[in-house]
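Q: Could you take me through one part of this protein in close detail, and say along the way how far the model can be trusted there? I would enjoy a connected account rather than a list.

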Amino acid sequence: MKNVNKMKLTASQLKKLANYVDFEEESAKELKNNPAAQKAFLKVALEEYEQDGNQKTLLRALGLVLRAQGMSKSARKVGVSRNALYTGFSVNGNPRLDTFLGALHTVGARIIIS
């Protein structure tokens, strides 16, 4: 995933990758200190969410970017505990709206109504 910012993943590819345990660890490493890759990764996740409505995939992608930026640092910026971020963006996570929006802001993303 060295060129994740140039990569186009289909919904089935993203789901297949998400099933690998090492995927998260490797993704976080590849995304670390690479804002362009983080943005591209979130963009793909959002596009997939728009197609299939799988909110868990979107939340996990945002969680990976938070991990890549450092969970402790991200938690301080969001205004929640580190554990709250890990829990909210885990496989069974369901973060509060203010946590989700804070996380988006922390990673440099925002919601635009068009």
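A: Happy to. Let's begin with confidence, since this is a predicted model: among the elements of the protein, helix α1 (residues 11-18) has the lowest mean pLDDT, 67, whereas α5 has the highest, 95. Over the whole protein the average pLDDT is 84, and 82% of the residues score at least 70. Residues 1-5 call for some care: pLDDT stays under 50 there, although the model has 13 contacts beyond four places in sequence for this stretch.

Now for the setting. The protein has seven helices and zero strands, so that the order from the N terminus reads α-α-α-α-α-α-α. Of its 114 residues, 38% count as buried. Taking contacts between residues at least 6 apart in sequence, 60% join residues at least 24 apart. The accessible surface comes to about 7,400 Å², and carbon and sulfur atoms hold 52% of that.

The part I would pick for a close look is α7, which spans residues 97-106. Its buried residues are T99, F100, G102, A103, L104 and T106, and they pack against three helices: α4 (55-69), α5 (71-78) and α6 (82-88).

A103 is a good place to zoom in. This residue of helix α7 has a relative accessible area of 0%, so it counts as buried. Leaving aside neighbours within four places in sequence, A103 is in contact with L62, L66, V78 and F89. A103 also lies 8.5 Å from G63, C-alpha to C-alpha, with their positions 40 residues apart in sequence.

From there we can step across to helix α5, where S74 is found. S74 is buried because its relative accessibility is 1%, under the 20% cut-off. Beyond four places in sequence, S74 is in contact with L66, Q69, L85 and T106. L66 thus appears among the contacts of A103 and also among those of S74, while T106 is one of the buried residues of α7. There is a polar detail here too: the side chain of S74 reaches the backbone oxygen of L66 at 3.4 Å.

Back to α7, and to the residues that face solvent. L97 and L101 join I111 and I113 in a nonpolar patch on the surface, with about 450 Å² of accessible area together. I113 itself lies in the segment after α7, and it counts as exposed because its relative accessibility is 77%, over the 50% cut-off. In the stretch just after α7, G108 takes a positive phi of about 85°.

Charge enters the picture at D98. How many salt bridges does a search of the whole structure find? It finds one, and it pairs D98 with R96, the closest N and O atoms being 3.0 Å apart. The partners differ in exposure class: D98 is partly exposed, because its relative accessible area of 46% falls between 20% and 50%, whereas R96, at 59%, is over the cut-off and therefore exposed.

Put together, α7 has buried residues packing against α4, α5 and α6, with A103 at 0% relative accessible area among them. L97 and L101, for their part, belong to the nonpolar surface patch, and D98 forms its salt bridge with R96.

Conventions. Residues are numbered from 1 along each chain as its sequence is written. This is a predicted model: local features need pLDDT of at least 70, side-chain atom pairs count only at pLDDT 80 or more; totals for chains, interfaces and linings use all residues. Side-chain values use heavy atoms; hydrogens and water are left out. Helices (H or I, at least four residues) and strands (E, at least two) are DSSP runs, numbered from the N terminus. Buried means under 20% relative accessible area, exposed over 50%, partly exposed in between (1.4 Å probe, protein chains only). Contact means heavy atoms within 4.5 Å. Accessible areas come from the Shrake-Rupley method with a 1.4 Å probe; for residues, only the protein chains shown count as cover. Patches are made of residues with over 30% relative accessible area and no salt bridge: like charges are joined within 9 Å, nonpolar side chains (Val, Leu, Ile, Met, Phe, Trp, Tyr) within 5 Å. A salt bridge is a side-chain nitrogen of Lys or Arg within 4 Å of a carboxyl oxygen of Asp or Glu. pLDDT is the predictor's confidence in each residue, from 0 to 100. A polar contact is a pair of N or O atoms within 3.5 Å; within protein, one must be able to donate a hydrogen and the other to accept it, and residues adjacent in sequence count only if both atoms are side-chain atoms.
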